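The points below are meant for a colleague who is opening this structure for the first time. They begin with single residues, pass to pairs of side chains, and finish with the chain as a whole.

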Amino acid sequence: MNQALHTAARRLIVALDYPNADEARQLITRLEGIPCYIKVGMQLFYTAGPDFVHDLKSRGYSVFLDLKMHDIPNTVKGGAHSITRLGVDMFNVHAAGGRQMMTAAVAGMEQALSEDSTLQRPLLIAVTQLTSTSQEVMNREIGIAGKVEDTVVHYAQMARESGLDGVVSSPLEGPAIKQICGSSFVTVTPGVRPAGSEVGDQTRIMTPGQAIAAGNDYLVVGRPITGAADPRAAAEQIIEEMSQHVND
């Protein structure tokens, strides 16, 4: 794997949306040797638990633990402390919980780091608006007025002011977030669909090449890889497309 492909692969986060560890490990085996991130979400973590995270780390993977914490500040502080002690490389909270909650998450993370010098500091990011959330849903059902992009950027500003490293947003909002929060503020983008693939429940999407060209840092891809007849080939095709834009 050349340098451009390696760099692109490190910016791909493969979502293990599986009900149990055995099925997830089958995919991991097929992706062996590709230096991508692995995302462990609620469904898998609630069945496989911390041991599965430790297994991924022992295999050399970077791990994004996607639990989207949203609770009172003290509870989120404790959750961030526990997650940091797992040795993950990235985890998240919901920006809708507010500044005090996000600041508490930072405090919990830093407490864990101070207690164990062997731990590496993970990226702590905030979910803004889910990529399945349309303008109508946000306005009429969630009860937030205005445009989705404005809400996403507002949440990103709160996250930055609270000491977080970045946000989860659709690839469409990445450029506006970078403009307001700075180029070093990380954007992690679900809603990535290769040309011709099914959209599913996503509403704000881009292709992998478009998402990287727009300046986004990490791309989360699940079903286009996990649901493919040949998941490894699907991942390699996405990485190839990303690599053509990694220096844009």
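1. Ser-62 lies in strand E3, which covers residues 62-69, in what is a predicted model. With a relative accessible area of 8%, Ser-62 is buried, because buried here means under 20%. The side chain of Ser-62 is joined to that of Arg-10 by a polar contact of 3.1 Å. When residues up to four places away in sequence are not counted, Ser-62 touches Arg-10, Cys-36, Tyr-37, Ile-38, Lys-57 and Asp-89.

2. One of the residues that Ser-62 touches, Tyr-37, leads to the topic of aromatic rings, where the count comes to 1 aromatic pair. The ring centres of Tyr-37 and Tyr-218 are 5.4 Å apart and their planes stand at 70°, so the pair is edge-to-face; the cut-off for that label is an angle over 60 degrees. The two tyrosines belong to distant parts of the chain, since Tyr-37 is in strand E2 (residues 37-41) and Tyr-218 is in strand E8 (residues 218-221), with their positions 181 residues apart in the numbering. As for accessibility, both Tyr-37 and Tyr-218 are buried.

3. Strands E2 and E3 are also linked by charged side chains, for Lys-39 in strand E2 and Asp-66 in strand E3 form a salt bridge whose closest N and O atoms are 2.9 Å apart. In sequence the two residues are 27 residues apart, and the pair is described as linking distant parts of the chain. Are these two partners buried or exposed? Asp-66 is buried, and Lys-39 is buried as well.

4. The search of the whole structure finds 11 salt bridges, and some of these join up, as Arg-25, Asp-55 and Arg-59 are linked in a network. Within this network, Arg-59 and Asp-55 form a salt bridge with their closest N and O atoms 3.2 Å apart. The two partners do not share one accessibility class: Arg-59 counts as partly exposed at 42% relative accessibility, whereas Asp-55, with a relative accessible area of 17%, is buried.

5. A further salt bridge is found between Arg-140 and Glu-136, where the closest N and O atoms are 3.4 Å apart. Both residues lie in helix H6 (residues 135-142), and their spacing of 4 residues is about one turn of the helix. Arg-140 has a relative accessibility of 69% and therefore counts as exposed, the cut-off for that class being over 50%.

6. In the stretch before helix H6, Thr-133 has its place in the loop between strand E5 (123-127) and H6. Although Thr-133 is in a loop, this residue is buried, with a relative accessible area of 5%. From C-alpha to C-alpha, Thr-133 and Met-102 are 22 Å apart in space, and in sequence they are 31 residues apart.

7. Another loop residue to look at is Arg-193, which is found between strand E7 (186-189) and helix H9 (208-213). Arg-193 is buried, its relative accessible area being 7%. The separation of Arg-193 from Ala-4 is 189 residues in sequence and 21 Å in space, again taken from C-alpha to C-alpha.

8. Among helix residues, His-81 is found in helix H4 (residues 73-85) and counts as buried at 16% relative accessibility. Which residues does His-81 contact, leaving aside its neighbours within four places in sequence? They are Gly-108, Met-109, Gln-111, Ala-112 and Glu-115.

9. Turning to the whole chain, there are 11 helices and 8 strands. The radius of gyration is 17 Å, close to the 18 Å that the globule rule gives for 248 residues, so the chain is as compact as a globular protein of that length. The C-alpha trace spans about 45 × 40 × 35 Å along its principal axes.

10. Buried residues make up 54% of the 248 residues. The accessible surface of the chain comes to about 11,000 Å², and 47% of this surface belongs to carbon and sulfur atoms. Of the contacts between residues at least 6 apart in sequence, 68% join residues at least 24 apart; the pair of Tyr-37 and Tyr-218 is one example of a link between distant parts of the chain.

How values were computed. Residues are numbered from 1 along each chain as its sequence is written. This is a predicted model: local features need pLDDT of at least 70, side-chain atom pairs count only at pLDDT 80 or more; totals for chains, interfaces and linings use all residues. Side-chain values use heavy atoms; hydrogens and water are left out. Rings of Phe, Tyr and Trp (its six-membered ring) pair if their centres lie within 6.5 Å; planes under 30 degrees apart count as stacked, over 60 as edge-to-face and the rest as tilted. Buried means under 20% relative accessible area, exposed over 50%, partly exposed in between (1.4 Å probe, protein chains only). A salt bridge is a side-chain nitrogen of Lys or Arg within 4 Å of a carboxyl oxygen of Asp or Glu. The radius of gyration is taken over C-alpha atoms; the globule rule is 2.2 Å times the number of residues to the power 0.38. Contact means heavy atoms within 4.5 Å. Accessible areas come from the Shrake-Rupley method with a 1.4 Å probe; for residues, only the protein chains shown count as cover. A polar contact is a pair of N or O atoms within 3.5 Å; within protein, one must be able to donate a hydrogen and the other to accept it, and residues adjacent in sequence count only if both atoms are side-chain atoms.
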